[in-house]
Amino acid sequence: MNLAYIPSPSTGVVHLGPIPLRGYAFCIIIGVFVAVWLGNKRWIARGGKPGTVADIAVWAVPFGLVGGRLYHVITDYQLYFGEGRNWVDAFKIWEGGLGIWGAIALGAVGAWIGCRLRGIPLPAWADALAPGIALAQACGRWGNWFNQELYGRATDLPWAVEISDGPNRIAGTYHPTFLYESLWCLGVAALVIWADRRFKLGHGRAFALYVAAYCVGRGWIEYMRVDEAHHILGVRLNVWTSIVVFILAVVYLVLSAKLRPGREEVVEPDRGPAASDPATKDGAQDGAQQDGAEDRAEDGAAAAKEPADGESGPKNEAGAGAGDATEDAVPADSEAPKTAKKL
């Protein structure tokens, strides 16, 4: 008999009048806010502007939610399209079922759109957000606790999670794999923050480190899970996905460090109204051309005026010379009577 264990909530929904408040959704929302908060602090420290991370997250988060749900539904299609299943359940995201691989992949597409609109490099934004994403996953995994899902094999360890009877589950105490992954994600966030400060990671390498480190933990946690999943060569699909993504992330880390060492000097160029408005740009160019024409006209006038000023110089010198000659002549004339008197 197991005397110590982690109890599971009797329900994952609290009704506030007619409004259902779901623990799974709250964990996801809290994770998003944590990721944006930390990402904004890191973005500003890199030289970016406040609010940019949130502006791009407006694109990335909805794309990520859709991608995460699509990955889950595609890889576990038998839960929604098998015999006796209702395909409408595929849209009930609040009941759980978000695949991180699909969330990252499609979320990156949304982030790319947002970065293009702001004129900033996607790798720099991803580096700033990387540890925040790990923290968001750490928060989101507690949503699985509310739904009594993502647990491992049966165990009598003191930190086992208690699972009650329900659809596709048997009452008992199991490895809390959701807790293991949550703690692992906290470690991944700390690793990325430390490595970024120590090695000045840039050009997407902080994000690649997060992906590689997460895949290592996800691989061994998947081996402990007992929920239904597809297998390839006797290995769970998500384990294969972790292996492939880990290799890709490491290859990117190595190649990026050789091809683009260092960190971006400018992550967010100044894009004021004058730089973003085409009409303003055209007006500025026309004004610059007009100013240039006026400057050339003034230079031409000055050049034309210089000879006249130059001519006055010799004339004055000639006049001064004539004056000097006259002055020299006066003493000569003035001494002439004296000479005549002597004679």
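Hi everyone! Let's start with a definition: helices (H or I, at least four residues) and strands (E, at least two) are DSSP runs, numbered from the N terminus. The expected span of a helix is 1.5 Å times one less than its number of residues.

Some background on what you see. This is a predicted model, in which local features need pLDDT of at least 70, side-chain atom pairs count only at pLDDT 80 or more, and totals for chains, interfaces and linings use all residues. Residues are numbered from 1 along each chain as its sequence is written, and side-chain values use heavy atoms, leaving out hydrogens and water.

Look at helix H9, residues 237-259, first. With 23 residues, H9 reaches 33 Å from its first C-alpha to its last, close to the 33 Å expected. Which residues of H9 are buried, meaning under 20% relative accessible area (1.4 Å probe, protein chains only)? They are Asn-238, Val-239, Thr-241, Ser-242, Ala-249 and Ser-256. Their cover includes helices H2, H4 and H8, plus strand E6.

Now the largest nonpolar core, a set of buried Ala, Val, Leu, Ile, Met, Phe, Trp, Tyr and Cys residues joined through side-chain atoms within 4.5 Å. This core has 38 residues, and Tyr-210 is among those with the most contacts inside it. Helix H5 gives the most, nine residues. Contact means heavy atoms within 4.5 Å, and the residues that Tyr-210 touches include Ile-104, Ala-134 and Val-192, not counting residues up to four places away in sequence.

Finally, Trp-220 lies in helix H8. With the same exclusion of sequence neighbours up to four places away, Trp-220 touches Tyr-180 and Trp-184. Thanks for listening!

How values were computed:
Buried means under 20% relative accessible area, exposed over 50%, partly exposed in between (1.4 Å probe, protein chains only).
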